[in-house]
Amino acid sequence: MPKRVKAYQAFVEDLEKRIQESGEVGQEELSKLIDTTQEYLQAASDLSQDEWQLIANYVRRDLSDWRSDYQRAYDESPGMALLKESIWYWLAKLSDQSQVEWHELIGDLQHQGVYQSGELIGLGVIECTECGDKTALWHPTIISSCEHCQGKRFYRHPISEQQA
């Protein structure tokens, strides 16, 4: 195994040990731990300072990539989606339903009662014109194809129909 790959692995192992000893660390503390790890391993190695700096930069880059991937996975997780939908649901329940329906009625008139997939729609219950499947929408949403039949045309009903 190449010397730099071994050095990278040693760097990550030493950094992991330092993080575990420190407990929860923020971004600033992590940067300091990376610098400390670099200094420690550099003192006991035959790699140059530039090589150790390069390894430290690789570790920083890899941690940044991991953080971005983790954040994206968290944001797109089913739990986060459920939380967002729950918040929209409670906001809709707290709103003045008659005012919301008046606003949506304007959209219904413009669409002559039929919406297409890809269009933006607000609060309401949409019903697929092909299979009759109904979906409650608690916030403005771009309509996607029907989950059951892949239909692309929908009627919008007042959200009060969902509550009945």
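Ala, Val, Leu, Ile, Met, Phe, Trp, Tyr, Cys and Pro count here as nonpolar, Asp, Glu, Lys and Arg as charged, and the others, Gly among them, as polar. On that basis, the lining of the largest pocket in this predicted model has 11 nonpolar, five polar and four charged residues. The points below cover this pocket, the second largest one, and the contact of helix α1 with helix α3.

**Largest pocket**
- The largest pocket has a volume of about 590 Å³, and among the 20 residues that line it, Leu30, Leu63, Ser64, Trp66 and Arg67 lie nearest its centre.
- Two or more lining residues come from each of α1, α2 (27-43) and α3, with α3 giving the largest share, nine residues.

**Second largest pocket**
- The second largest pocket, with a volume of about 260 Å³, is lined by 13 residues, of which Ile126, Thr135, Leu137, Ser144 and Glu147 are the closest to its centre.
- Strands β3 (124-128), β4 (134-137) and β5 (141-142) each contribute at least two residues to this lining, which divides by class into seven nonpolar, four polar and two charged residues.

**Contact of α1 with α3**
- Helix α1 (residues 3-22) and helix α3 (residues 49-75) have axes that come within 10 Å and cross at roughly 60°, and the two helices are therefore oblique to each other, with α1 passing α3 in a right-handed crossing.
- On the α1 side, Arg4, Ala7, Tyr8, Phe11, Val12 and Leu15 meet Glu51, Trp52, Ile55, Ala56, Tyr58, Val59, Asp62 and Leu63 of α3, and the residues of this contact comprise 11 nonpolar, no polar and three charged.

Key: Residues numbered from 1 in each chain as written. Predicted model: local features only at pLDDT ≥ 70, side-chain atom pairs only at ≥ 80, totals over all residues. Heavy atoms only, no water. Axes fitted to C-alpha atoms, helices over the stretch in contact; angles between N-to-C directions. Helix = DSSP H or I, 4+ residues; strand = E, 2+ residues; numbered from the N terminus. Parallel < 35°, antiparallel > 145°, perpendicular 65-115°, else oblique. Left-handed = near helix turned anticlockwise from the far one by under 90°. Contact = heavy atoms within 4.5 Å. 1 Å grid on protein atoms, 1.4 Å probe; cavity = no way out; pocket = protein on both sides within 12 Å on 5 of 7 lines; lining within 4 Å. Points joined across faces, edges and corners; volume = space filled by probe spheres on them.
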